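Welcome! Here are a few short exercises to work through with the structure open beside you. Try each task before you read its solution.

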Amino acid sequence: MMSTSPAARSSILIVDDMEENLIAFEAVLGPLHQNLVRARSGEQALKAMLRQEFAVVLLDVRMPGMDGLETAANIKRLDQTKDVPIILVTGTEGGADYAYRGYAIGAADFLAKPVDPWVLRTKVNVFLELHRKNRQLAMRAAREDGDRLTEITERLDEIVLLLRDRPDVDRGELVDRIAEVERAVGALLPDGTGTE
């Protein structure tokens, strides 16, 4: 994979209480050339999630204090972080129970240790690609909204000029122009409905 410019990099949060696991995950994910952020506990993970945007979270299930399942549940409860995909990672003991509970909480995937590096990189890369696509769609939508706002501003300026320059303006023409602005504003609303 080619090196990614710092501005185009996404962030991956790696949460594990064991230093050797953090080092191993960093070694596996390093070739993806993304911003890798560490957290040694569920509390640290939540703080990191509130400070910056992450494309994906790699979360160890078994940790002292707030375990991975509780951390995942807290991530999914927050509006700011609820849509971030979580990959839960645990040892083989309790695997089926952890997987069921993790999926019920809203985890996107589940991996058992020892983790196959190729599988982990592939799964994380899928979430990175989804994150990039979502950012592109959001930027495109923002540009389109900007274009619509410019159009609305121009129409409002026309109405102001019409009222200023022609005090005897035809009421029907004015109503039609206001209706055009209302439709354009309606197109910006989340449900796409405007006033008819």
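**Exercise 1.** In this predicted model, find which residues Leu 22 is in contact with, leaving aside its neighbours within four places in sequence, and decide whether Leu 22 is buried or exposed.

Solution. Start with the contacts: Leu 22 meets Ile 14, Val 15 and Asp 16, and also Arg 38, Ala 39 and Arg 40. Next, locate the residue itself: Leu 22 belongs to helix H1, which covers residues 19-29. Now take its relative accessible area, which is 0%. Buried means under 20%, so Leu 22 counts as buried. Finally, pick out Val 37, 15 residues from Leu 22 along the chain: the two C-alpha atoms are 9.8 Å apart.

**Exercise 2.** Work out whether Asp 109 is buried or exposed, and name the strand where it lies.

Solution. First, find strand E5, residues 109-112, which contains Asp 109. Then look at the relative accessible area of Asp 109, 13%. With the limit for buried at under 20%, Asp 109 is therefore buried. To see what it touches, set aside residues up to four places away in sequence: Ile 86, Ile 87, Leu 88, Tyr 103 and Lys 123 remain.

**Exercise 3.** Describe the largest pocket and its lining.

Solution. Begin with the volume, about 290 Å³. Of its 18 lining residues, Glu 53, Phe 54, Asp 83, Val 84 and His 131 are closest to the centre. Sort the lining by type: eight residues are nonpolar, five polar and five charged. Last, check the helices: H2 (42-51) and H5 (117-165) each supply at least two lining residues, and H5 gives the most, with four.

Terms used
Residues are numbered from 1 along each chain as its sequence is written. This is a predicted model: local features need pLDDT of at least 70, side-chain atom pairs count only at pLDDT 80 or more; totals for chains, interfaces and linings use all residues. Side-chain values use heavy atoms; hydrogens and water are left out. On a 1 Å grid over the protein atoms alone, a cavity is a set of points where a 1.4 Å probe fits but cannot get out, and a pocket is an open set with protein on both sides within 12 Å along at least five of seven lines; lining residues have an atom within 4 Å of a point. Grid points are joined across faces, edges and corners, and a volume is the space filled by probe spheres set on the points. Ala, Val, Leu, Ile, Met, Phe, Trp, Tyr, Cys and Pro count as nonpolar, Asp, Glu, Lys and Arg as charged, and the others, Gly among them, as polar. Buried means under 20% relative accessible area, exposed over 50%, partly exposed in between (1.4 Å probe, protein chains only). Contact means heavy atoms within 4.5 Å.
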